[in-house]
Amino acid sequence: MEVVIVPDAKAGGELIAEAMAALVRRKPDALLGVATGSTPLPVYEALAAKVRAGEVDASRARVCQLDEYVGLPAGHPESYRAVVLREVVEPLGLSEASFMGPDGSAEDIVAACEAYDRALAAAGGVDLQLLGIGTDGHIGFNEPCSSLASRTRIKTLTEQTRIDNARFFDDDMDQVPHHVITQGIGTILDARHLVLLATGEGKAEAVAQTVEGPLSALVPASALQLHRHATVVVDEAAASKLKLADYFRHTYANKPAWQGL
Ligand code: F6R
């Protein structure tokens, strides 16, 4: 696992956007797996700036969602489909056709989950999956004790995650969905490159357990330890509980191993 400590969220966004741009230059129709929430926004802003500046032509890139709320009315502005369209697809100038996600309003949710896993495989698999991390160590919405081999399925959000996400719903807990469709941990591990971004002190404990703790279903993000190419990008605050922080600074700062990502 590469652990790259950056000064702040903006630098993390810039670093990952450059990794995505390099991938798209190499493979113009790359499938980019995107996360929602607050953390990845600097990545999308930096990537869109590169597209506007003509540094990368992303017109053939494809985008797929990591997860989706179940039960929000179609077109709800906080559905992850709407968020990804707003924050990623439109700013990159992509068409809606280049974008795929699980159907959180399907009548048959089980079938919709299976269909999404099949669609990801049929699309050739995810080239780079961007991940955030929950304060409880979740990735996607694989909450603690999720099977490390899980595939896309419906999950119940923990109370803590619903509290964390209430800010997107006018701080009204009654509006926060209880269920989501999420790529499973096994599905996430199928991506060719995993890049987890964590910023802020609130993520420090989860980051330390992910990187330095044992592999455990209690900390779903620790499954990154099983992946052949996982990069964890953290700002100083999120790195503050890493025992090996100095080692990571020494090993990965300004070294080519991660510059190409
Ligand atoms: C959302 C997702 C979640 C978030 C996590 C952190 O698509 O996959 O795992 O990445 O809940 O959210 P923020 O970035 O808002 O702290």
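Visitor: Which strand and which helix each supply at least two residues of the lining of the second largest pocket?

Guide: They are strand 4 (67-69) and helix 3 (80-89), where helices (H or I, at least four residues) and strands (E, at least two) are DSSP runs numbered from the N terminus. Helix 3 gives the most, with 3 residues. The model is predicted, so local features need pLDDT of at least 70 and side-chain atom pairs 80 or more, while totals for chains, interfaces and linings use all residues. Residues are numbered from 1 along each chain as its sequence is written, and side-chain values use heavy atoms, without hydrogens and water.

Visitor: What makes up the lining of the second largest pocket by class?

Guide: This pocket holds about 220 Å³ of space, and of its 16 lining residues, E68, S79, R81, G104 and S105 are the closest to its centre. The lining divides into 7 nonpolar, 6 polar and 3 charged residues, with Gly counted as polar and Asp, Glu, Lys and Arg as charged.

Visitor: Where does the ligand sit?

Guide: The ligand sits in the largest pocket, which means that more than half of its atoms lie within 2 Å of the pocket's grid points. That pocket has a volume of about 320 Å³ and 21 lining residues, with T36, G37, I133, H138 and N165 nearest its centre.

Visitor: How many residues surround the ligand?

Guide: There are 13, and T36, T39, H138, G140 and K203 are the closest; a residue is counted if one of its heavy atoms lies within 4 Å. By class, this shell has 3 nonpolar, 7 polar and 3 charged residues.

Visitor: Why is the pair formed by the side chain of T39 and an oxygen atom of the ligand called a polar contact?

Guide: The distance from an N or O atom in the side chain of T39 to that oxygen atom is 2.4 Å, and the pair therefore falls within the 3.5 Å allowed for N or O atoms. At 2.7 Å from a ligand oxygen atom lies a backbone N or O atom of G140, and a polar side-chain atom of R167 is also 2.7 Å from an oxygen atom of the ligand. Of the 410 Å² of accessible area that the ligand has on its own, the protein covers 93%, by the Shrake-Rupley method with a 1.4 Å probe.

Terms used. Polar contact = N/O pair within 3.5 Å; in protein donor to acceptor, adjacent residues only side chain to side chain. 1 Å grid on protein atoms, 1.4 Å probe; cavity = no way out; pocket = protein on both sides within 12 Å on 5 of 7 lines; lining within 4 Å. Points joined across faces, edges and corners; volume = space filled by probe spheres on them.
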